[in-house]
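User: I would like to learn how to read burial, strand pairing and salt bridges in a structure of this kind. Could you take me through them?

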Amino acid sequence: MPDASGPGRPEPSDAELLRRHVAGDTEAFGELFRRHRDRLWAVALRTVCDPEEAADALQDAMVSAFRRAGDFRGESAVTTWLHRIVVNASLDRLRRRAARPALSAGDEQAFEALVTQDGDPTRSTDTRLDVNAALRMLPPPQRAALVVVDMLGFGVADAAIILGTSPGTVKSRCARARARLLPYLAHLQGNRSASESVQPAQGNDS
Amino acid sequence: MAHLDAEVLAEFRAGLITGRRGASITAHLAGCDRCTALGDQLAGVSALLASVPVPAMPDLVAQRLDTVLAAEAASRPVRAASPEQAERARADRPGQRATRHRRTPRPSFRLLSARVLAPVAVVLLAAGGYGLSRAIGPGSQVTSSAGSAASRSVASAPKAAPSIAASAHGPLNTPVSPPVRGAQGTVPRPQRITAANFTLVASATNFAAATLGQQVETDLGRPASAEAAQPVTAQLRACVQNLTRGAALVRVESARFAGQPATLVVARNGSADTAWIAGPDCSATSRDVLATTSVP
């Protein structure tokens with residue numbers, strides 16, 4: 001990364017930290033992880049929808065990244081590479097969980113109960129809670145795509161690397177996921193807290 | 001043409017439907033308020049998702065991962081970094097040299113992490129106690145001898161608590177304040193301003209490269225007005241994360257640079273603050289920085 005030695009930027013770049021880690025620096029990987037851990041946690045948590053499983057997935061991913069750092073070829077940004085490993089570990093966890101019966105059947109009802117509590121679906125209780133519940137409705141590949149693109153702000157090209165698929169598939173998964181979430185999230189639009197508000201939908205509402 | 005269903009419209013908006021079919025959808029939208037509104041709602045889904053803040057990693061998870069990575073580091077074959085590399089590693093952390101004691105051949109990850117994190121922890125405490133604008137005022141100093149563990153409160157995860165708590169006391173050997181339990185067994189977390197939770201404030205300043213340092217200082221001297229909070233896109237959050245890499249944020253302002261819309265990002269970087277002027281293309285992977293400066 002060309003920005004490593006810019007004025008006022010004494011800290012090393014991600015790529016430099018990874019290089020130092022590979023060279024034997026015992027601190028470098030931990031520093032790299034701390035830089036990105038909240039976003040890595042977010043992608044794991046939102047993809048697997050369960051804090052315990054997310055922590056396990058993230059642990060699998062970080063151990064893997066720690067050991068396989070030498071394989072990083074610099075073809076993408078280090079963050080993209082880290083996110084890819086976390087998404088893979090998260091989807092692996094979900095596949096393993098899917099092999100065990102337990103979740104999913106009751107999810108829809110739990111979700112309905114959540115959004116319609118107090119008998120008033122238009123009254124938003126907690127946007128974040130509702131969004132998390134709605135994300136659970138999606139098939140994992142769509143969910144991972146939507147989390148990476150819409151929630152974490154990665155571009156389609158990087159998202160394709162992270163998800164190990166083509167840009168067209170990323171777009172398609174995101175589009176289907178948005179359409180699927182629409183009925184569950186429409187009531188939240190225009191009903192957000194000040195600091196987290198987004199532009200209200202423009203246009204010709206009839 | 002019949003009304004569009006949400007999936008078709010979403011695919012169209014994603015650029016997946018082109019050619020004659022795309023043209024017919026464009027034509028339909030031009031005359032159909034209902035489908036136009038549906039399209040707006042789809043845009044609203046993305047905007048809503050972007051508005052959800054990135055959750056901070058719970059402390060217990062962070063501690064667990066630190067421990068796991070420390071074990072990885074400890075079990076690694078010894079492979080000493082070159083002296084030149086070690087020297088540069090030290091030079092990269094101004095302010096740390098004084099507190100760096102003896103260096104063991106294979107120092108534990110946790111010991112080092114506690115030291116590296118110390119300045120951040122100080123800012124954490126400041127932000128939690130006084131709010132952002134107070135914490136960042138020029139000359140505001142909050143001293144603390146506590147390491148990172150003391151300033152980070154323990155999140156709820158009762159299952160893992162006992163073992164993690166024990167390991168936090170042992171290797172860190174830093175004073176850990178007794179957690180104050182809330183009604184639900186959780187502890188209020190001091191608000192640390194990062195890319196995950198910052199508020200974007202509006203500024204009328206039109207920054208220029210030649211006067212950037214002075215202008216940033218002037219802006220920071222003014223308290224940020226909470227009422228002027230602006231919407232934050234996922235791209236901007238990702239951009240701020242990309243620039244600051246987890247450092248504590250001082251201020252994020254929607255402003256202008258050379259007359260064009262730009263974002264001022266100021267983060268605490270050791271003893272000094274670093275200011276960036278981010279352009280519109282700045283994102284998770286693109287560091288579109290129009291100008292940068294250090295603020296003493």
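Analyst: The turns below take up burial, strand pairing and salt bridges one after another. This is a predicted model, in which local features need pLDDT of at least 70 and side-chain atom pairs count only at pLDDT 80 or more, while totals for chains, interfaces and linings use all residues. Residues are numbered from 1 along each chain as its sequence is written, chains are lettered from A and ligands numbered from 1 in the order in which they are written, and side-chain values use heavy atoms, with hydrogens and water left out.

User: How many residues of helix H7 of chain A are buried?

Analyst: Buried means under 20% relative accessible area, exposed over 50%, and partly exposed in between, with a 1.4 Å probe and protein chains only; helices (H or I, at least four residues) and strands (E, at least two) are DSSP runs numbered from the N terminus. In H7(A), residues 140–151, ten of the twelve residues are buried, so the helix is largely enclosed by the rest of the structure. The buried residues include A:Arg143 and A:Asp150 as well as A:Leu146 and A:Val147. Just after H7(A), A:Gly153 takes a positive phi of about 80 degrees.

User: Which strand pairs with E3 of chain B, and in what sense?

Analyst: Two strands pair if DSSP finds at least two bridges between them. Strand E1 of chain B (residues 200–207) and E3(B) pair in the parallel sense over four bridges, and B:Val201 has B:Glu253 of E3(B) as its bridge partner. Strand E3(B), residues 249–257, is mostly covered, with seven of its nine residues buried.

User: Which parts of chain A does the salt bridge between A:Asp14 and A:Arg35 tie together?

Analyst: Side chains of opposite charge can pair when their charged atoms come close. A salt bridge is counted when a side-chain nitrogen of Lys or Arg is within 4 Å of a carboxyl oxygen of Asp or Glu, and the count comes to twelve over all chains. The side chains of A:Asp14 and A:Arg35 meet at 2.7 Å, N to O. A:Asp14 lies in helix H1 (residues 14–23) and A:Arg35 in helix H2 (residues 28–48) of chain A, so the pair ties together parts that are 21 residues apart in sequence. A:Asp14 is buried at 2% relative accessibility, and A:Arg35 is buried at 6%.

User: Which residues are linked with A:Asp56 in a network of salt bridges?

Analyst: The network links A:Asp56 with A:Glu53, A:Asp60, A:Arg93 and B:Arg64. Within it, A:Asp56 and A:Arg93 meet at 3.7 Å, N to O.
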